[in-house]
Each structure stands twice: as C-alpha cells, then as structure tokens.
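Work through the exercises below with the model open. Each task comes with a stepwise solution.

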Amino acid sequence: MAAAGSSVKELASQLYDACADQFSTDHTFYQQDLLSLGVIPNDDLSLLLECAQSLVNQKLFRLLEAQNKRLVWRLVGREDAEKLKNLTGDEGLVFTVIHSSGRSGVWVRTIQSRTNLHKSILDRCLKALEGKNYIKTVHNVKHPTKKMYMLAGLAPGEDVTGGAWFTDGVLDAHFINTVAGFIEYTVSRKSWYEVPADHGRTAKRLKTATGKADINDPAEKTYLPYPPAYTGYPTAEDITRAVNKSAITPVQLGEESIVQLLQMLCFDRKLVELSNGKYYKSLKNPALVKAAQARKPADGEEPQAAIDLGKNGMTESPCGPCPSFALCTPGGAISPETCEYFDPWFEKVLGF
Amino acid sequence: MLMSQYAVELCTLLIEDNFGELFARIFTVLQRYERLPFAKLKFHSRLTDRQLRHGLTAMIQHHLVFHFTSLEDNNTYYESNPNAAYYLVRSGKILNLVEDRLGEYAARIMETVMFLGHASVTHLETLPQLRSLNLPTTNGTTDPNEETQDNEMEVEDGPVQTNGDHAPEEFKPAPLHATLKALASHGYLMRVRDASFQSPADNFLEAQRVASSRPGNKALKGKRQQEAIEGDTQSLLQERLHADLSETLMVNGLPRGIKRKWANAASGSTNEPRLANGVNGNGTHAGEDDEENDWSEDEDGFDNVPMEAGMVVRVNYEKLDVALRNDRFVSLAEQQAPPATTRVYESLLRRIEYNTTKCRDKTDIPREGEEGSLYSQPIPADNLLRDIDPHMDLSGAFAPLDSSSQLVNGRGKRPLENGINGDHDDANEDEENGTNRAWEINQHLNLLSQAPYNLTVCVELYGSAQWQINFRGLARKLRHLELERMIESRYGDVALRVIRVLHAKGKLDEKRLQEISFLPWKDLRQTLSSMQAGGYVDLQEVPKDAQRQPSKTIFLWYYDPDRVVGSVLEDTYKAMSRTIQRIKVERNRLKDFLEKTERSDVKGHEEEYLTDEELELLQRWKDKEALLLGEVARLDDMVAVFRDY
C-alpha cells in the first residue's frame with residue numbers, strides 16, 4: 001500500500017500544480033473543476049478524495065463549505081502551507097483570518113469574532129505568530145486607536161497608510177513641503193519665460209518696459225509671462241514624472257497622489273489650473289518662488305512675517321486685531337478715549 | 001433706510017465732524033424716530049424753531065435730509081439720508097480721482113460743488129475761487145482730506161477758502177463751462193431734480209399714485225391693471241429721477257476733456273518710462289497745470305457753448321463709485337499682470353466706465369451665489385487703439401511663443417519683430433502697424449481673461465472679438481480678497497487654505513477636510529476652533545438618530561461668506577467710528593496748543609510765531625491726524641468693497 005500511498009502523493013502534487021497553473025489563487029474548486037483537469041485517471045472519485053485529503057493535510061488545500069452544503073477547496077501557496085504546517089490548530093486559524101484580509105489588515109476584535117477563540121488564547125496565538133515573524137501590527141490612519149494585524153510580507157495598502165503622504169500613519173509634513181516646493185519651482189520654470197541676459201536687444205527692450213531694471217543688478221533675471229496661446233504649461237503627468245525623476249522622493253509617487261498635492265497648491269494660490277485642470281501654471285516666477293522658499297525656515301518662529309495678500313484697513317488699524325473690540329464703546333471701560341493700542345501704533349507707523 | 005447701530009454712529013460722527021453739532025443732533029433724532037413732521041422733530045430734538053429751520057434748510061441743501069409734503073394732510077415730513085452722510089467720508093478719494101483724470105481745476109470745481117451740496121451754474125460763475133486757473137496762494141496744497149477736516153466754522157460763512165483780498169496776477173478766465181461739461185459728460189456731476197429731495201420710498205409711492213390714477217390704467221382690471229401700473233410707475237420714476245447729463249454731452253460716445261497722459265510725451269525722449277508718467281498725475285501737478293488744462297481750446301468749438309445757466313448740479317456718487325471700483329480692478333491686475341497689460345486693461349475699463357452708470361441694479365447687497373452676473377457693455381479692441389499711448393511697448397511684455405513649445409505658430413514671430421520696431425521710435429509706422437497693435441491689445445486682454453486673473457470676458461459680436469467685464473464676479477473676487485487678507489493676518493496661511501477648501505467644497509467633516517487640506521490633525525483643529533471663535537467658520541451638527549448623541553452625530557464645518565461679510569462690515573463701521581473718535585481725543589489732548597495755531601494771526605504765519613518745538617509738535621499732530629484720516633479712508637475702501645461694489 002506504500003506504493004499506492006506514494007502514487008497518491010504524486011498524483012496530489014500533480015493535481016496541485018495543475019490547479020495552480022490553470023486557475024487563479026483565489027478560485028474556489030468544486031469537484032467537477034478538479035476532475036475536469038484530467039489529472040485523476042478515469043474520474044476515480046475515491047482517488048480524488050484521497051488526493052484532496054492529502055493536499056488538505058499538507059495545508060496546500062483549504063477545505064470550505066459552499067452555500068449549498070457542497071465541499072469546495074481553495075489553493076494555499078506553498079510558502080504559506082509551509083508556515084501553516086508549523087502552526088498549531090488555533091494559530092493556523094488566526095493566520096488564515098489574517099491572511100484573508102490581504103493588504104488592508106484586520107482588527108483584533110474582528111479576528112476574535114471570526115475565529116471564536118477566547119481572548120487569552122487569541123493573544124497567545126498572535127504573540128506566537130509575531131514571534132515567528134509571520135505577521136506584523138499595522139497602523140491605520142483612519143482608526144489610529146485600533147490594533148490591526150497583517151501578514152509580515154505585505155506592504156499596507158493606500159487606505160491603511162493614507163497614501164504616499166503618510167509616514168507611520170502620521171502626515172509627513174516635511175516630506176509634503178519638500179515635494180510641494182519642488183513642484184512649485186518646476187511648474188514655475190515652465191510657466192515663465194526667462195529673458196536671456198546676454199541678449200543685447202532684449203535687454204534694451206526691457207529698459208523700456210520696467211524702467212531702469214537692468215542697471216540695478218545684472219545678475220537678476222527677468223521673467224516674462226507667455227502669451228495666451230502658449231500651451232507649454234506642465235500637466236499632472238509631466239509633474240509626476242519630474243517628481244519621480246528627482247531624488248527627493250524615496251518611493252515612486254503615483255499621479256493620484258501628485259494631483260492631490262497639486263490641488264492643495266491650488267488652494268494655496270501657488271498654482272492655478274488652466275483649461276479645466278489640464279495644465280498647471282505657477283503664479284510666481286522662479287525667482288520669487290525661490291525667495292519665498294528661502295524665507296520659509298525663518299517663518300517657523302514667526303508666522304506673521306509672511307503676508308502675501310497685502311493689507312487692508314482692518315488689518316492695519318489697531319481696531320482690527322483688537323481682542324476686546326466687541327466691548328469697545330465711547331465712555332465705557334474699553335473706549336476709544338482710553339484705548340492703549342493707538343499710541344504704540346503711532347509710534348510704529350510714524351516713528352515717534 | 002434701515003441702518004445698523006454702528007453705521008448710524010459713524011454717519012452721525014461724520015456729520016458732526018463736517019458740519020457741527022446742530023446737524024448731528026437733527027440727524028440723530030431723524031435716525032432714531034425715522035420720519036417726522038416738523039412739530040414732532042422740534043419736540044424730540046429740543047431745538048428752537050429758528051435753529052431747526054436753519055439747520056434743516058442747510059441739511060436739505062446738502063441732501064442730508066429728505067423732505068416730503070403730503071397732499072393728504074399737508075404736513076411736511078423729514079427723513080434722514082444716511083447714504084449722503086456716509087459719502088462724506090469718500091470725498092477725499094473722489095477729489096483725488098477727479099484731479100487725476102481731469103486736472104486740478106476740475107477737482108476744485110468738484111470740491112466746491114461738494115462743499116455747497118448742490119449749486120447752480122450761475123452761482124458757480126460768481127465764485128471767486130473758480131475764476132482763475134491758479135489757486136489762491138493760501139491753499140497751495142489741496143490736501144484731499146482737508147474736506148473732512150474742515151471744521152464746522154466754515155459752513156456758515158460759505159466759501160472760506162478764498163481770501164477775497166487775493167488778486168490773481170494774470171487774469172485768465174478759467175474754462176469753467178468747459179470743465180463743468182467735462183465733469184458732467186463723465187457723469188461725475190448730475191442735475192438736481194425735484195424728486196431728488198424726496199426719499200426713494202416717497203418717490204415710488206407718489207409715482208405709483210399718479211400711475212394708478214391715470215384714466216387708461218383705471219379702465220383695466222386685475223392682473224393687467226397691476227402690470228400696467230407697475231410699468232408706468234417705473235417709467236415715471238425714471239423720468240423724474242433722470243439726472244444724468246453724460247449722454248447729451250458726450251462727443252462721439254466719449255466724454256469731453258479726456259486727458260491724454262501721453263500727449264506731450266511724444267515730443268520728449270520716447271524711451272522715458274511711460275509708467276512714471278502715469279504716476280505723475282498725483283505728484284507733480286503744480287507745474288503742468290496750465291498745459292494740462294489747455295485741452296478745452298484744442299478740441300472743438302463745441303466747448304464754447306456755455307452750460308445751461310439755470311441748471312443745478314450735484315455730485316453723482318453712484319457714478320463715482322463705478323470709477324473707484326474700476327480703479328480697484330486695475331489694482332487687482334497690477335498685482336500679477338505685467339505693466340503693459342495693466343495699462344491696456346485700464347483703458348478698457350475707462351471705456352467701460354463711460355457707459356456704466358452704477359455699480360449694481362439693486363440696492364441691497366447681493367447674497368453669495370445669488371448675485372447672478374452683470375456684464376458690462378462689450379468693447380472691441382480697436383476702440384482702445386486710440387486710447388493707448390502709441391509709443392508704449394505692447395509686445396515686450398510677452399515671451400516669444402515659439403521659444404520652448406514645439407507648436408509652430410506663424411504668429412509667434414510677429415510680436416517679436418514688432419517689438420523691435422517699437423524701439424526705433426518710428427511714429428510713422430504706427431498706421432501700418434495698426435492691425436498688429438490691435439492684435440497685441442487682444443493678446444493682452446486675452447491673458448487677463450485666463451486664470452489666475454479672470455478679469456475680462458471675451459464675446460464674439462459682429463464677427464469680431466469684443467471685451468467685457470463680469471462685474472459681479474470681480475466684485476466677489478474683491479470681496480474675498482479682503483476677507484482672505486483679514487483671515488491671513490489673524491489666523492495665518494494654514495487658515496487660508498482651510499477657508500478656501502471649505503469655500504470650494506461646501507460643508508465638510510473633519511476627516512475629509514484633513515484629506516484635502518493636507519494638514520495635521522492638531523493644526524487643523526486648532527485653526528478651526530480659533531476661527532469658529534472669531535466667527536469665520538461654523539459647525540453644523542447632523543445627528544444620525546433622534547437621541548442626538550455626540551458619538552452618533554456628524555459634524556460638518558462650513559464657511560458662509562455672507563455672514564462673515566455682514567459681521568466684518570459692521571466691525572469696519574465700528575472701527576471707522578472709533579478712529580474718528582480717537583482723532584477727537586488726540587485733538588483734545590493738544591487743545592490749547594491747537595487753538596493757538598488756529599488763531600487768525602498765527603494761521604498762515606506759523607514759522608513767525610511758533611517756536612521750533614511748537615512747529616515740531618504741529619508737524620507731529622498733522623502727521624497723526626493724516627494717519628488717522630488715512631486709516632478711515634482705508635477702512636472705507638473695505639466698506640466700498642463689501643457694500644457698494
């Protein structure tokens with residue numbers, strides 16, 4: 001019977017290979033599917049049963065029950081089967097649940113309800129699995145407080161990490177600023193025309209346009225806007241390519257992530273969309289962009305320093321930022337007569 | 001007209017500042033009790049008959065009070081006109097604008113008319129300060145704010161600014177009629193009609209009564225009668241209130257006396273920057289006055305026909321708001337567009353100003369999103385050709401099209417070559433270049449029609465591209481700019497991004513808001529809560545069940561610009577009042593000293609009578625006052641954006 005046993009094993013292995021070849025890994029196999037592969041001679045049902053059982057024992061097949069109480073099987077990868085073989089029954093159960101969640105991870109409570117294991121047993125299983133380096137905990141941006149697990153070999157999906165802009169579940173402000181700055185400068189380079197400085201004729205023309213601009217500083221570059229018909233503004237695709245080519249990002253960023261960031265830049269009024277979002281144009285020319293970015297580090301301490309939009313009556317007048325403006329009445333405790341903000345304001349503006 | 005507490009406070013302060021306590025008292029009573037007959041007014045104001053009659057007469061002259069005599073009970077009712085009171089604060093800006101456009105003499109006429117409330121042409125003829133082009137020496141510099149500073153003294157004794165003893169050295173008759181005509185054809189001055197002394201509501205009711213008593217309308221019934229009456233009322237109102245002089249006085253669709261800033265530049269060196277020349281309007285006026293006012297002679301014989309002698313004119317604030325608003329649009333363009341483009345835009349706006357009579361059709365402030373769109377009259381680019389300095393370099397402002405794009409475009413080369421021509425100062429070439437220049441002007445306007453400017457709109461009419469302005473859209477843009485400035489200065493640029501996201505996307509919950517705005521939780525929550533405390537954003541709760549548990553409730557953040565504008569407008573009124581009140585406080589502090597400087601023997605001879613310290617003190621005081629008044633004017637800019645544009 002030993003020969004028969006080994007032939008069953010061989011046959012089972014053939015069956016497994018045929019299944020892996022012809023179907024995707026998450027296909028559910030019915031009896032007919034397995035027979036139709038033509039591996040089992042004479043459609044011998046008892047032989048098929050033996051083979052299937054052998055595969056299930058080797059953890060290469062997983063036995064499931066379909067809706068109509070029929071038995072179905074699913075393939076398990078050889079590596080996973082290898083791992084499963086080393087696990088106890090409960091651990092295997094937990095591993096399967098975590099395995100089924102794929103790249104999105106699964107919450108501990110969900111594992112508990114699916115496996116119906118006691119919490120202490122579940123904890124032991126998880127610990128064992130983690131010790132064997134089969135699974136890992138992940139941080140989900142949407143549910144930062146939930147403890148979630150996924151297979152150690154997988155990278156968490158977009159919805160778990162929050163996309164390219166998150167590092168360990170936290171918005172990576174530094175990275176975003178770097179990429180945003182790079183994008184603004186790149187777009188700016190393409191949306192303004194740099195006047196060649198050595199060109200005598202253009203220099204002369206400049207003088208009429210901006211007064212004595214070129215006398216001040218010959219190193220200072222002059223930028224001109226492109227005429228309305230110009231179509232060389234970069235698209236989201238161009239920008240993505242430029243970002244990925246540069247050395248600033250360790251991972252390849254998808255176009256979707258870049259579009260997200262471009263939208264943010266549009267809200268910041270650094271870029272504008274042209275032709276319904278097809279092209280992007282920068283509002284500032286490269287020199288100004290550079291100057292603004294150079295100023296940024298100092299801004300950290302003093303956020304009031306950069307006012308791009310200019311001022312108006314309410315921001316200049318002492319009444320605008322006055323914290324007790326609502327209480328101010330002539331003759332009251334807070335009144336224009338006793339106001340303490342006017343005198344410093346005179347000093348600041350008039351210099352005495 | 002219903003006005004808020006702070007607006008009323010401000011108007012009262014302005015009247016008190018300009019005309020004195022009597023006016024302010026009458027105005028306050030009328031504001032508080034609205035419409036009053038004489039006896040009631042006397043009772044509430046506790047003034048004597050004499051005082052009240054004097055006061056009312058002068059206030060009616062200044063259009064600060066409406067009056068209406070009812071045919072039913074023969075009573076005359078008085079009502080305050082807070083709008084006219086508010087415009088007192090804008091007088092400085094208006095005079096500046098008129099001086100910039102039509103010269104110093106026109107500004108002087110304007111000032112006189114403002115000062116008198118309204119004036120007949122014959123009366124203006126007799127005024128000594130309008131007789132000669134040169135100013136009486138005492139008021140060498142016309143501070144635009146002087147109008148508001150002048151204290152109550154001056155009202156009683158009429159035109160003070162002329163010192164009768166001053167005999168002009170060269171007696172050249174001033175072009176009073178021509179200048180008046182220029183002012184009227186620009187629409188800055190308008191005729192005073194009987195109806196303009198009555199409040200809008202009275203005018204409407206009276207017109208309605210007349211319309212419904214017409215025999216033709218009486219015969220009709222039901223809905224058709226109503227419609228007929230409505231139509232008649234509107235046309236009657238229009239007929240009675242029609243005071244615009246500009247249409248009849250325009251020459252070829254253009255008002256008279258347009259100053260061409262580039263007219264004399266052609267003779268000088270052409271490479272002189274045109275921009276500086278434009279600025280000249282404000283600064284170095286004194287020397288050029290004679291020259292600039294000469295336009296009346298070199299135009300056509302038309303101008304020698306005098307204005308109708310009996311006509312009474314007043315300032316047309318509605319039209320001036322249009323002009324002031326256009327200036328704001330130009331400054332919008334200036335922020336981002338190249339200088340040449342701004343100049344082109346300015347001349348387009350000037351053209352549009354000539355056929356726009358007021359900023360809005362309706363008097364109430366339109367709500368965000370419900371304002372519809374109001375377009376100006378379309379102007380073909382060819383018309384601008386004559387208005388733009390022929391020596392201005394139009395092509396140098398753009399980069400050559402074919403430098404970096406692969407798109408081969410024949411036209412791309414043209415502006416380049418043209419630019420070289422422009423440099424050669426060759427005036428003769430202008431005619432053959434006419435079409436090119438028109439094309440270039442189109443290019444400039446086209447640039448402005450694109451994002452981020454969106455300042456112009458192109459329409460195809462009669463087979464050619466014409467340009468117009470979307471007034472409502474731009475007014476909205478100005479409004480948001482003012483709000484965003486305030487938000488940026490108070491809450492930083494993070495808040496600005498949040499506000500823009502909320503404005504673009506509507507109501508959002510925190511999670512979604514964070515995803516779009518790319519902000520860390522902590523910053524976002526901090527900003528949102530501080531802005532909520534400041535009244536800029538609001539939180540809406542949407543409970544999922546009847547228990548309204550917080551855990552089962554969706555919280556949505558939103559930004560309602562209408563609400564914010566409303567509260568900011570009130571704050572602005574209040575800040576203006578406080579600033580004016582502060583001027584009084586500061587004046588009181590220096591009361592004794594200032595009284596000394598205002599003594600009739602000291603005034604005008606400060607250097608002789610005052611010590612050095614006193615002179616310095618005086619200078620400081622003047623600076624301070626100028627600063628405070630300037631601040632009021634800046635605040636008024638905001639009011640204009642929120643309320644008038």
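**Exercise 1. Characterise the contacts and burial of chain A.**

Step 1. Take contacts in chain A between residues at least 6 apart in sequence; 52% of them join residues at least 24 apart. Two residues are in contact if their C-beta atoms, placed from the backbone, lie within 7 Å.

Step 2. Check the source. This is a predicted model, where local features need pLDDT of at least 70, side-chain atom pairs count only at pLDDT 80 or more, and totals for chains, interfaces and linings use all residues. Residues are numbered from 1 along each chain as its sequence is written, while chains are lettered from A and ligands numbered from 1 in the order in which they are written.

Step 3. Count burial. Chain A has 352 residues, and 27% of them count as buried. Buried means 20 or more other C-beta atoms within 10 Å of the residue's own, exposed means 12 or fewer, and partly exposed lies in between, with C-beta atoms placed from the backbone.

Step 4. List the elements. Chain A holds 16 helices and twelve strands. These are DSSP runs numbered from the N terminus: helices are H or I with at least four residues, strands are E with at least two.

**Exercise 2. Describe the side of chain B that touches chain A.**

Step 1. Count residues. On chain B, 59 residues are in contact with 52 residues of chain A.

Step 2. Find the elements. Those giving two or more residues to this side of chain B include α20 (339–354), α22 (414–423) and α31 (612–644) of chain B. The top contributor is α25(B), with twelve residues.

Step 3. Classify. The side of chain B that touches chain A splits into 24 nonpolar, 17 polar and 18 charged residues. Nonpolar covers Ala, Val, Leu, Ile, Met, Phe, Trp, Tyr, Cys and Pro; charged covers Asp, Glu, Lys and Arg; the others, Gly among them, are polar.

**Exercise 3. Which residues of α27(B) are buried, and what covers them?**

Step 1. Check the geometry. Helix α27 (residues 521–534) of chain B has 14 residues and reaches 20 Å from first C-alpha to last, close to the 20 Å expected at 1.5 Å a residue. The expected span is 1.5 Å times one less than the number of residues.

Step 2. Pick the buried residues. They are Leu524(B), Thr527(B), Leu528(B) and Met531(B). Seen down the axis, the buried residues of α27(B) fall within an arc of 95°, so they line one face of the helix. The arc is that of the directions from the helix axis to the C-beta atoms.

Step 3. Recall the periodicity. An α-helix has 3.6 residues a turn, so residues three or four places apart point the same way.

Step 4. Identify the cover. It includes α25, α26 and β12 (553–558) of chain B.

Step 5. Turn to the opposite face. Lys522(B), Ser529(B) and Ala533(B) are exposed there. After α27(B) comes Gly535(B), with a positive phi near 85°.

**Exercise 4. Repeat the analysis for α14(B).**

Step 1. Helix α14 (residues 222–241) of chain B has 20 residues, which should span 28 Å at 1.5 Å a residue; its end C-alpha atoms are 29 Å apart, which agrees.

Step 2. Ile229(B), Thr233(B) and Leu236(B) are the buried residues of α14(B). Their arc around the axis is only 75°, which puts them on the same side of α14(B).

Step 3. Their cover includes α12 (200–212) and α13 (215–219) of chain B. The face of α14(B) turned away carries exposed residues, among them Lys223(B), Glu227(B) and Gln238(B).
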